[in-house]
Amino acid sequence: MIKYGLKEFVNNIYSNIFIAIQLAVTLVIAIASVSSVLSRTEFYTPVKNIINQKKGLLVLSADDEAIFSDEISKEKSVDKILSPYTVKSLRYNFSDEYNKDANYKYIYGEKPNYITCLSDEFANIYKPEMLNGKWLTDYKPKNNNEIYGVITENPVYKLNDTITAVKAIKKKADPKDEFYDEEDPYVYDYVPIKIKIVGVVKEKAKIFGIASDSTYSAHTINFNDLYSTFDKEDTDNTKLILSENVVKNLGLDYNYSDKYIIKLKDNISDNKMSEIEMNMKNNSAEILIPLKDLMSNSSDFVNGELIKLIPILVCSIILVMISSISTTALNVKKKLKYYSIMYICGSRWNSCLIINFINNIITTLLSILLTILSLNILNILNIVDVSITAINISQILTCAAIFIVNIIFSSIMPIVIMKRNTPKEILTDN
Amino acid sequence: MTYILKNIKCFATKSTMVFVLFVLCEIASVFSILFAHGSYNNFQREKFAEKQYIDDANNSLDISFGNIIEAFTDEKGNVSSYNCDSAITVKQIQQFLGNIERKECRSVGFAFCIENNDESCMKYNKSSEIEQSMPMTYFRFDYDKKIKDFTIYDDFLKNVIISDGRYFTKEEYISDKNIVVMPADSDRDLLNKEIDLFGKKYRVIGFFKQDNYLEVPIKTLDGNLKIKYINILNNDVLTSKMYYQIRDELRNVVNVDVNMTPLKSLDLYEVKFFDSMIYLSIAVALVSAINLAILFRYILNLRRKQFAIFLITGSTKNKTRRMYILEIMLVSIFVFLICCLAYNFLIIPILTPFLKYISSAYDLKTYAIMFGIYISAIYIFINISIILSSRKSPVELLRERGK
């Protein structure tokens, strides 16, 4: 039967190629449509469960992070705080002059960049688009003492570079010392720490939770505000991100910073929650929103975005259905005479159906090859964004559904037509 | 024409399933093509509107110095400028302009004004209605490649309106000649005369027609005069690189904080989404076209026997070809017109809440063009198909029927 199916395919090669091309384009449309839907929720899905809390607050910026961090740590109604950390005692610098001369005091003190650290839980929430290398949680350190980090794209530091960060160790100064200062009775030892860059985050890629220097405009705050982008040229805001484990191994202190997702205990009353909000605003929280409002705004935003896709999805579905039905119907009609002759020569209708089925399978396989080829060509030529042509489980399921519909129609239609007519009727009709 | 209509009736009654399929496919394809056009235009306009908003926002960037006292926002809540407690001096700004001569950001234009505390400016200001203390001195700089220096902004030079006398030349603007263009409400008798300004003698060369400030070459001013704000003028796109170069170079000349209004940048994910939707629209149109092509090809194959009989009974190939073309085109034109009406009056109102620019993508001209392309494409395709099949003899066609 397979041999006959193959022969059937070869006999109608042009027709089958045409049908395969049409099916391939239909699959590309289906993949792109599904990917478009998923791309609209790409940034919402990772944070949906996190912000879906009845009692909780989001603080997008605090005027004085140290004070705020301290206050919220003491607040007894706080169940959990999810935020990045800033390691103020470890700093690095973009200045060529200081780095070349290993001038640690200036690296630490003259317009330094601070280091951010993330817990594994936080880093796994959303992995940003990398220019090269690996994200923090994807990198496997060689040993527990390895000091590694990820940096946002910048003009100076690249993948596998080593950044010399400096930690200041504070010691009490000797009052008898010539330079003793009563107002700042400490001396500092500046210790260099080499940090290996294992990944570079692409410029303008969205990073979850870490704040850039942009100010927030007065708009409805939603999940998009949990992400920030970083310019390559803005070295003031370049982020060097370490894992919390690395910072702990170095024995450094760190405090909450940037965007704070504060989960409060479920049993607190609304009045208590308002009191906590007021308290936070008094302790330098600048932009604050309850999580349930954030969730509501986010759902509205996502629904608004998805609604825009409905027309094109509906059009794509109708087109897919109509093209499947029309091509299979016409295909079957064309082959009826051939099957009638086979029936007269001794074959059964069922055998003809199997041959038809095998022919369709081969055409479908050809269309799959053409689809994969087209997607690769589109990616190489950079005509469309990679995320729109990505093939994940949703896209595979959609394509499978289209194949099944196609094969069912192409199997059912011959059954309907052949069973209703005798071979003589089919032949004389032609 | 009678035969054509008879053929259509025959087709509809004898091959009902194929006829219904044909009409359904045509309807689906026409709607898809119309929708693809609208969708394409909608996302193009959304992308353009987004870029336009960013360009407009970035065309009015402000720079101020020192600690931020207050931030001013626009109607969308975006920061438009800062009020700060410090300033840059004339000498520092000249140093800054000198430093950026070889950098990419030299293509950016700068404008700023100096509030004159010099009382000598006041005595030439006749207007008593203006509450402001002193007439401002405005400067607008743009890099001139011929002169190889920053001089008067080209666009301003073309549009400046002088009532009496003349304005500066580009060379005079950056010279140290003590010449002045006076405010609109100054005494016109001062033209070509020398006046006391900033402790020096300045010769009056012209008067503004409407503007109530004066202008002198910057090099004639005291280097310690203060400038509170610098506006960035840029007809071209201000890139991130230029933005940060300006910031870094200003930091090199001043000892206080440099505060620039945030640079708006396109959300690249949005742009990629718009591009993908545009390509998706094109793909939808392509599938519709392929669908129709398969359909027409099948119908022509189905008519081989009929075609052969026509040839045997004396019809010429051209006559038969014209009959077939007219038959298919009559149905196609009818379907297209009905679909256009239904699309315009029923479907566009439903789509408008989802795709806000879609209704503006259609007008009579657009429909006419699409109709023309549609009919031409069908005509060409059917012609080619018929010509290819009519190369065979009627006997061969009869043998091949049903294949």
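Me: Contact here means heavy atoms within 4.5 Å. This is a predicted model, in which local features need pLDDT of at least 70 and side-chain atom pairs count only at pLDDT 80 or more, while totals for chains, interfaces and linings use all residues. Residues are numbered from 1 along each chain as its sequence is written, chains are lettered from A and ligands numbered from 1 in the order in which they are written, and side-chain values use heavy atoms, with hydrogens and water left out. Which residues does B:Ile100 touch, not counting residues up to four places away in sequence?

Reply: B:Ile100 sits in the loop that joins helix 3 (90-99) to strand 4 (109-115) of chain B, where helices (H or I, at least four residues) and strands (E, at least two) are DSSP runs numbered from the N terminus. With residues up to four places away in sequence set aside, its contacts are B:Cys105, B:Arg106, B:Phe110, B:Phe150 and B:Glu249.

Me: Is B:Ile100 buried or exposed?

Reply: Buried means under 20% relative accessible area, exposed over 50% and partly exposed in between, with a 1.4 Å probe and protein chains only. Because its relative accessibility is 0%, B:Ile100 counts as buried.

Me: What separates the C-alpha atoms of B:Ile100 and B:Val18?

Reply: Along the chain, B:Ile100 and B:Val18 are 82 residues apart. In space, the separation of their C-alpha atoms is 73 Å.

Me: Which cysteine holds the closest cysteine sulfur to that of B:Cys340?

Reply: A disulfide is a pair of cysteine sulfur atoms within 2.5 Å, and a search of the whole structure finds zero over all chains. B:Cys340 itself counts as buried, at 9% relative accessibility. At 7.3 Å its sulfur is too far for a bond even with the closest cysteine sulfur, which belongs to B:Cys339.

Me: What is the phi of B:Asn192?

Reply: Most residues other than glycine have a negative phi. B:Asn192 lies in the loop between strand 8 (179-182) and strand 9 (194-197) of chain B, and its relative accessible area of 52% makes it exposed. Although B:Asn192 is not a glycine, its phi is positive, at about 65°.

Me: What is the radius of gyration of chain A?

Reply: Chain A has 13 helices and 14 strands. The globule rule (2.2 Å times the number of residues to the power 0.38, with the radius taken over C-alpha atoms) gives 22 Å for its 430 residues. Chain A is more spread out than a compact globule, because its radius of gyration is well over that value, at 32 Å.
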